[in-house]
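User: I am new to this structure and would like to go through it in questions and answers. Please start with the contact between two helices.

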2 protein chains.
Amino acid sequence: MSIQKSLQKILMMIKERDTNLAEFFQNLHPSDFAEIVEDLSDEQKSELFNLLSDEEAALVIQEMEELDQVVLFQLLTKKRASAILKEMATDDAADLIAELPEEDARELLKLIDEDAEEIRGLLKYPEDSAGGIMTTEYISFPENMVVEEAIRRLRDLATDAETVYYVYVVDEETRLIGVLSLRELIASADGTRLSEFMRKNVIQVPADMDQEEVARVVSKYDLLAVPVVDDRDRLLGIITVDDILDVIEEEATEDIYRRVGASEPEGVGLVEATVWNSIGRRLPWLIITLFGGLLSGSVIGAFENTLQSIVVLAFFIPVIMDMGGNVASQSSTVFVRGVATGEIEGSDSWRYFYKEIRVGLSMGLITGATVAVAAVGAARLFNLSSLLGLVVGIAMFTTVTLGAVIGTLVPLLFSQAGIDPAYASGPLVTTIKDVTGLLIYFSIATLFMPLL
Amino acid sequence: MSIQKSLQKILMMIKERDTNLAEFFQNLHPSDFAEIVEDLSDEQKSELFNLLSDEEAALVIQEMEELDQVVLFQLLTKKRASAILKEMATDDAADLIAELPEEDARELLKLIDEDAEEIRGLLKYPEDSAGGIMTTEYISFPENMVVEEAIRRLRDLATDAETVYYVYVVDEETRLIGVLSLRELIASADGTRLSEFMRKNVIQVPADMDQEEVARVVSKYDLLAVPVVDDRDRLLGIITVDDILDVIEEEATEDIYRRVGASEPEGVGLVEATVWNSIGRRLPWLIITLFGGLLSGSVIGAFENTLQSIVVLAFFIPVIMDMGGNVASQSSTVFVRGVATGEIEGSDSWRYFYKEIRVGLSMGLITGATVAVAAVGAARLFNLSSLLGLVVGIAMFTTVTLGAVIGTLVPLLFSQAGIDPAYASGPLVTTIKDVTGLLIYFSIATLFMPLL
């Protein structure tokens with residue numbers, strides 16, 4: 001059934017106050033359900049959620065965008081809201097609580113008492129850290145349990161845990177000492193003790209690790225979940241691979257936006273964000289670019305006399321700026337992404353930089369020669385010496401080479417200094433390569449002026 | 001144990017021909033092992049792999065980069081290589097076979113006979129399609145099997161399957177009719193038939209679906225694996241979430257590179273790629289930029305007389321070009337990424353476009369006013385009328401507005417025409433905004449010239 005058809009069906013059920021949603025719900029994935037809910041009016045949302053059980057409501061809400069969750073929660077009574085919260089995974093519940101107005105959050109935490117401690121615990125960690133994205137619904141057993149009992153216990157616990165595909169083995173002080181996949185468990189003989197076949201070298205992450213780093217660990221080791229521990233190796237929670245998918249997507253978007261000086265709107269979609277929200281995220285970058293552009297312009301101002309004598313020099317300003325700009329953004333983009341994916345790390349940076357110098361020199365030669373030919377043509381047209389070709393060619397060669405060098409060197413130095421290199425690829429690189437490119441162009445032109 | 005220490009230990013074991021690697025291997029993740037292998041000499045690699053069992057070798061090779069896999073395979077005898085191939089997951093084996101020289105590939109496929117059919121089947125699909133990334137090692141049961149037997153069968157099959165976390169239910173003609181998660185299976189009573197509690201609305205993908213689309217499905221529904229079917233709904237294979245993590249990372253990189261006219265080197269790392277490889281990937285873009293830049297320059301050429309009279313106009317060329325450029329790249333970047341993540345789809349595109357116009361107008365007003373002040377300062381310095389501020393301000397306002405409009409409209413039209421919008425954000429947008437920006441600037445200046 002298409003989403004559109006499902007929407008109509010749901011609208012009819014709401015109208016007729018049809019309480020037989022259970023069956024319908026079973027054939028519709030909560031994620032599709034959530035998409036439908038987002039298109040309903042507030043009134044329809046209220047009516048629909050009155051027809052759902054707490055558990056069904058929790059499943060749907062977990063799949064909704066944060067902003068929509070907050071809106072919906074403010075339509076529900078506090079009692080209902082707390083009942084639904086109890087059914088949600090602790091990580092999702094904590095994320096939602098963090099977005100609610102403080103007053104509401106406090107009241108709800110009071111109402112759910114039993115899980116409140118866990119949620120409050122999760123709220124302590126920064127949003128982008130391992131602790132901030134973990135859930136506390138994992139399964140852990142003591143080391144001397146036997147396979148048969150573990151499988152029996154699992155069958156009881158399966159409906160509540162976030163994942164049953166890893167079973168963690170802990171000692172008396174809840175320190176993580178081993179891990180078993182469900183597949184290893186079901187493939188083992190009944191009487192075996194967990195300690196006999198658990199893997200002891202558990203891949204784990206500390207609670208304060210950045211989520212991007214966590215994603216790299218999960219991806220490298222092909223894990224379905226990774227355990228989070230405190231500084232004494234005590235098991236705090238797990239992060240499942242479906243959350244890691246979101247982290248990778250989110251971090252890639254953040255990197256991409258950062259490179260052009262735009263950040264993602266918080267808790268609201270691109271399309272829904274207000275005009276002022278968009279401007280606020282983008283204007284600072286543009287103001288810096290503006291002053292950078294005026295600085296580059298002052299280089300031209302300094303060579304006013306040269307330009308006054310040979311006004312055709314202005315003709316090549318755009319091509320020199322554009323080429324320097326595009327080479328620099330190629331270089332910085334490839335380098336920054338290489339660092340983000342871990343392809344370039346440690347001493348690779350400098351090896352890559354030296355190669356980039358050779359790439360810049362080669363591309364500078366080719367484009368310099370090409371533009372020199374165009375300049376000779378222009379010189380003929382304006383009755384100037386063909387030496388203009390040499391001037392423009394040399395300027396292009398140095399600009400392209402410098403573009404590649406600056407485009408790599410600036411983010412490289414940023415990353416060595418511990419600053420996200422994505423920040424380096426914007427106005428700073430633009431300004432440095434414009435100022436140097438124009439300076440070289442006009443200096444050479446001034447030098448050759450008597451001959452042109 | 002650190003990777004460095006492990007490397008030393010392995011080197012010693014190789015030297016002493018220590019066949020007792022099994023225990024050592026158990027404490028080292030294949031992925032870490034693979035990293036170590038990549039640092040060894042060819043001779044050391046050969047010796048090391050002689051000490052490993054076929055199964056161990058397969059686990060390590062699966063975690064290596066494709067290029068390193070090919071190098072290693074050419075060090076092994078065909079007999080050994082085929083034995084290792086048999087132990088590999090069919091998707092990884094097929095990917096490796098596809099990279100080998102044709103002669104070697106044919107010979108190896110002959111030697112492994114039993115799995116060869118499956119691997120040949122996988123090689124039929126395009127590399128970036130669902131069929132190209134799926135594996136054939138899934139578990140499927142008939143609908144009338146009972147839970148108890150399914151669990152028993154699973155315990156036997158667990159070591160060979162790529163994932164045991166989903167069990168697919170098929171009819172006599174291997175058509176996919178249901179799915180069960182291992183967690184649902186172990187949570188159910190022994191005597192229940194699978195057909196009684198399997199989910200019938202299986203989320204599945206056709207073999208020719210693009211991998212980016214597949215990733216979106218897996219991410220949306222939080223799946224650990226997704227089944228791949230042919231046009232008659234017959235089950236062909238599955239794609240597991242660990243491969244999806246790689247797809248998301250790969251597609252993000254591709255998007256990022258495409259935007260600056262650089263593609264990723266094939267089968268070789270960024271640092272290892274040759275200078276000519278890098279140039280070949282980047283130069284075409286630059287040559288287009290070069291001609292675009294000359295075109296923009298010809299706009300300046302057309303206003304030679306204006307510029308000759310008021311040479312200070314050249315001072316503002318960089319700031320107008322830079323601002324138009326940065327606004328356009330912000331707009332195109334945010335739009336293209338929004339489309340890639342699915343945040344902007346269908347009619348959202350136009351709603352987003354209309355909002356972007358308002359964003360552009362507002363940012364144009366602010367930056368236009370700012371630069372006008374700077375221009376009034378410059379006018380005083382060069383004894384020109386303060387009207388220069390008005391000229392530059394209006395030019396900046398229109399350039400920034402147009403930058404936002406063009407930066408969104410070009411990729412929007414590309415995506416409506418079914419072309420990847422990432423291609424639209426490069427030289428084309430640069431040239432359009434430069435030509436229009438400079439045209440407006442010099443037209444207004446020419447108009448006001450008598451008053452300046």
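User: Which residues of α19(A) meet α19(B)?

Analyst: This is a predicted model, in which local features need pLDDT of at least 70, side-chain atom pairs count only at pLDDT 80 or more, and totals for chains, interfaces and linings use all residues. Residues are numbered from 1 along each chain as its sequence is written, and chains are lettered from A and ligands numbered from 1 in the order in which they are written. Residues are in contact if their C-beta atoms, placed from the backbone, lie within 7 Å; helices are DSSP runs (H or I, at least four residues), numbered from the N terminus. On the α19(B) side are B:I317, B:P318, B:M321 and B:G325, and they are met by A:I317, A:P318, A:M321 and A:G325.

User: Are α19(A) and α19(B) parallel or oblique to each other?

Analyst: Helix α19 of chain A (residues 317-340) and helix α19 of chain B (residues 317-341) pack with their axes 11 Å apart, at an angle of about 40°. Axes are lines fitted to C-alpha atoms over the stretch in contact, and angles run from 0 to 180 degrees between N-to-C directions. Angles under 35 degrees count as roughly parallel, over 145 as roughly antiparallel, 65 to 115 as roughly perpendicular and the rest as oblique. The two helices α19(A) and α19(B) are therefore oblique.

User: How many residues does the contact take from chain A?

Analyst: Of the interface residues of chain B, 100% are also interface residues in chain A, so the copies meet through the same surface. The contact takes 93 residues from chain B, and from chain A 93 residues.

Notes:
Two residues are in contact if their C-beta atoms, placed from the backbone, lie within 7 Å.
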